[in-house]
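Visitor: I should like to learn how to read burial, contacts and helix length in a model. May we work through some cases together?

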Amino acid sequence: MVLSSIYVFLVGFTNCFFFKISWSASDFSLEGDYLLGGLFALHEIEHETTLYSAETTECFRHSSSESGYQMLQVMRFAVEEINNSTTLLPNVSLGYEMFDHCSNTKNFNSILNLISKNGAIKPKEKLNNYQPKVIALTGPYGSTRTMTIAPLFTMDLIPMVNYGASASALSNKLHYPSFVRTIPSNKDLIEMIIHIIQWFGWNWVAFIGSQDDYSSDGLKLFNKYINNTGICLAYQEGLSLNANYSLALKKIDKLNINVIVVFALPQYATKIIKAAIANNIRDKVWIASQAWAMNQQLPREPGIRKIGTIIGITERLLSVPGFNEFVHKARGTTDVGHNDSEGEIKSKICNQVCDYCTLLTAEEIINENPTVSFAIYAAIYTIAHALHKVLQCDMNECHKDTVAKPYMLLGEIKKLDFLLNGRQVKYDDDNDPTISYAVVLWRTDVNPPQFEVMGSYDKLPEITFTIDNSLLPWHNNGSAPFSNCSVECKAGYSRQPEGFHSCCFTCKKCQPNTYVDFSRDPYTCFPCAESEWSDEGSTTCKTRSVVYPQFTEIPSIIVMVSAAILIILLIAVFWLFAYNYNTPVVKSAGGSMCFLMLISLILSSVSVFFFFGKPTSVFCLLRNAIFEFFFTVCISCLTVRSFQIVCVFKMAAQFPKVHSLWVKHNGQWLFIAFSSFIHLISCVIWMTVNPVKPTADSWSFKDQLMLICERGNNITLTIVVFISWFLGFLCLLFSYIGRDLPKNYNEAKSITFSLILYYLTWIAYFTAYLTLKSKYIIIFNAVAQISSINGILFTYFIPKSYIIIFQPQKNTPAYFQASIQNYTQTISRT
C-alpha cells in the first residue's frame with residue numbers, strides 16, 4: 001500500500017514529464033549515454049507557508065536568484081567540456097536533467113523524478129537490479145535543503161556530489177553513506193574563523209546566524225572549538241527573516257563587541273548588513289562565512305564603508321578556464337525575450353521554468369558570485385573520473401558494454417586523486433575534500449568594489465595559515481581594532497576573574513618568588529621551586545646560586561691553615577710536656593691532666609675542617625659534636641685544676657677532712673669523668689632527638705640558596721651549651737678565689753683571660769648569627785672555635801712552654817719551694 005501511494009504521488013507530480021519535446025536547446029536537460037542530475041536554486045522562497053494539502057511548489061513564482069543560474073551554467077559548461085574531451089570519457093557522452101530547487105520541503109517532485117525508473121518507483125531487492133534515471137547528481141545549494149532530500153538518494157547509494165552543503169552532520173557516513181562534497185565542511189570553516197580571530201588577538205566576539213541547519217551547525221561548532229582558545233562568545237543569536245535585526249545589532253554595540261561573525265545564508269546576511277548601515281553601526285570587523293563572502297550586491301550598498309572592515313572566507317579562488325567564453329557563446333545563440341512554442345511547452349515542465357534567465361546578459365552571469373563555481377566544476381569532474389574508472393576507460397575508448405551502477409561510482413569516488421586546473425581533488429574517509437581557503441578583503445573604497453585576497457589557509461601537506469596585515473586599511477589609525485572584554489594584563493600580572501566570561505578580568509601583580517605563565521595558566525601566580533627565585537611581577541623564575549664555604553676560597557684557606565698550625569703547635573706542646581713530664585712546671589700545670597687537655601684541644605681543632613665543602617650529614621655532625629664534647633672536657637680539666645690549687649693552698653687548712661677525701665679518691669678525675677659523661681649523654685641526645693642535618697636556606701637571600709647545617713633541637717642544644725658554659729663559670733670562680741696564690745702556681749690570670757676570650761668570642765658569634773645572613777657566618781663559627789682553643793693554648797700552655805725552653809732556671813724544685821715559702825711568710829704577716 002505504501003509503495004502504491006508513492007507511485008500515485010509520483011505520477012501526480014510528474015505528469016508534465018511525459019511531453020515529447022526536443023531538449024536539445026533547453027538549459028535544463030541534455031541527452032547522453034549517462035544522465036546526471038542537477039539541483040540549483042534559480043529562485044528563493046523568502047517565506048515558507050504551511051500547506052494542508054499535497055501541492056508542489058512552482059519556483060518561478062518566487063524571487064529570482066541570478067547566482068543560482070550561474071551555477072547551472074557552470075554544470076552545463078563542465079558537461080560540455082567533458083563530452084568534448086578525447087581522453088576522459090572518449091566514446092561516452094554525459095547528459096543531464098536539472099531542476100530549480102527553491103524549497104526546503106516541497107520540491108520532491110523533481111527528486112522523485114530523478115530516482116525513478118521510467119516514471120515509477122518500484123521495490124528493489126538488490127542494488128544490482130536497480131537503475132535509476134540518473135547515475136549521480138550534484139546539488140542542491142544549502143545544508144537544510146540537502147539534508148531534507150539526501151536520504152532519498154543515499155538509501156540507494158546514488159552518489160550525491162554536492163557543491164553547496166557544508167553542515168558537519170553530512171560527514172556522518174552512517175546517515176549519509178553516498179554523500180560527497182567538493183566544498184569544505186563547517187568544521188573546517190569554523191577552524192578558519194578561529195584562526196583569524198586568534199591572529200589579531202581578539203577574544204570578545206559576537207556570532208550571528210540564521211535559523212537553519214547551516215547556521216545552527218556553525219554556532220554549535222564555534223562554541224565547541226573556542227574552548228581553551230581564550231575566545232569568549234559575548235553574544236550569539238540565530239535570526240529569522242522577520243527578526244528585529246536592529247535590536248540585535250544595538251545589543252552587540254552596547255556590549256562593546258567590535259568583531260562580529262556573520263555565519264548565515266546570503267539573504268540573512270544581506271538583512272544584517274543593511275540593518276547595520278541603517279542603524280549607523282560603525283567601525284566593526286565583520287567576518288563573512290563562505291555563503292556570502294563573495295556576494296556581488298552588498299559591497300555596492302550605500303554607506304557600507306562606515307560599518308567597518310569586512311573580511312570574507314571563501315575557497316581559494318580558482319578560475320574555471322573557458323567558462324566566460326562558454327557563456328558568451330551561449331548568450332550569443334539565445335533569442336533574448338523570444339517566446340516561441342518551446343517556451344510555451346517549458347512552462348508546463350515542473351520547476352524547469354526561468355523567465356528571467358533569458359534576460360541576463362553574459363556579463364551579468366559571469367560577474368555573479370563565483371564562490372562555488374569551482375566546487376560545481378569539481379563535482380561534475382569527480383563523477384566523470386569515477387565513471388572513467390567503472391567503464392575501464394583508456395586514452396582511446398571506454399567499455400560501454402560494462403554495466404555502470406550508481407554504487408559502483410561511489411566506490412571509485414572514494415579512491416579518486418587527480419589534479420583539476422592545478423588543484424588536487426581528493427576525498428577523505430568522510431568523503432570531504434582537501435581544504436584550501438582564501439581570506440578576502442572587501443575593498444568598498446574603490447569603484448567598482450573589489451575582493452582582494454589577503455590570506456590563505458591550507459591543510460595539506462600541513463596546516464598553513466597566513467594573513468598580509470599590510471593590506472588591511474583599519475579604521476583605527478591603521479591598527480587592528482580592539483575587541484577584548486578586558487585589556488590584557490602586563491607581564492608579571494595574573495588575571496583575576498570578573499563576571500561570567502573568562503575573558504573579563506582584572507590584573508594582579510605576582511608576589512616575589514612567584515611567576516605567571518600565560519601559556520600554562522594566566523589566572524595563577526605559580527610558586528617558584530626552592531632552588532629558584534623571582535622578583536615581584538615576574539614571568540619566569542631564575543635559578544638560585546648555591547653558596548657554601550668552599551675549600552678553594554681565600555677565607556677558607558686562611559682558616560684551615562690556621563687550624564693546621566694550631567694542631568701542630570698543640571702537638572709540639574704535647575711532645576714538650578711529655579719530654580719534661582717530671583719537671584715542676586709540668587707538674588704544677590696539672591701533670592697527666594695536661595695531656596688530656598692537649599688531646600682534647602687537638603681533637604677540637606680537627607672539627608674546623610668539616611666547615612668547608614658541601615655540607616653533608618656526617619660533616620654537620622662532626623663539625624658540632626666533636627668541638628662541643630672535647631672542648632668541654634678541656635674546660636672541665638681547667639675547672640678541676642683551678643679548684644685543686646685553691647684546695648691545696650686554702651681549703652686544706654680549713655677543711656682537712658674534705659681535702660683528705662678528695663686526694664684519697666682522686667676527686668679531680670672523678671669530677672672530670674662525671675662532667676664529661678653527663679656532657680656526652682647530652683650530646684648524644686642532641687644528635688639523636690632531632691639530628692643535625694644539612695638544609696638549604698632559601699629565605700635569607702632571594703637569589704641564593706645557602707647550604708647550612710641545622711642546629712638540631714633547641715632544648716638539647718641549650719643543655720649542651722649550658723654544661724660547657726657552667727663549667728667555665730666555675731673555673732672563673734675558682735680562679736678568682738685563688739688570685740693571690742704563689743706566682744708559680746697561680747694560673748688565675750691566664751685561665752681568666754682564656755675563658756673571657758672564650759665567652760666574648762661565642763657571644764660575638766651568636767650575635768652575628770642572629771643579625772647577619774651570609775655564608776661567611778659558617779666560617780665565623782670555625783674562627784670562634786679556633787679562637788677558643790687559641791685562648792687556652794696561648795694563655796695556659798705557651799707561657800709554661802716558654803719557661804721550659806727559655807727559662808730552665810725557674811723549672812726547678814728549689815725555685816718553686818722558695819715561692820711557697822714567700823707566700824707562707826706573706827700570709828703569716830697578715
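Guide: The following turns take two serines and one helix in order. This is a predicted model, in which local features need pLDDT of at least 70, side-chain atom pairs count only at pLDDT 80 or more, and totals for chains, interfaces and linings use all residues. Residues are numbered from 1 along each chain as its sequence is written, and side-chain values use heavy atoms, with hydrogens and water left out.

Visitor: Is Ser 65 buried or exposed?

Guide: Buried means under 20% relative accessible area, exposed over 50%, and partly exposed in between (1.4 Å probe, protein chains only). Ser 65 has a relative accessible area of 9%, so it is buried. Ser 65 lies in the loop between strand 4 (63-64) and helix 2 (66-83); helices (H or I, at least four residues) and strands (E, at least two) are DSSP runs, numbered from the N terminus.

Visitor: Which residues does Ser 240 contact, leaving aside neighbours within four places in sequence?

Guide: Contact means heavy atoms within 4.5 Å. On that basis, Ser 240 meets Gln 211, Tyr 245 and Tyr 268. Ser 240 counts as partly exposed because its relative accessibility is 24%.

Visitor: What span should helix 4 have?

Guide: The expected span of a helix is 1.5 Å times one less than its number of residues. Helix 4 (residues 143-154) has twelve residues and should therefore span 16 Å; its end C-alpha atoms lie 15 Å apart, which agrees. Buried residues in helix 4 include Thr 146, Ile 149, Ala 150 and Phe 153. An α-helix has 3.6 residues a turn, so residues three or four places apart point the same way.
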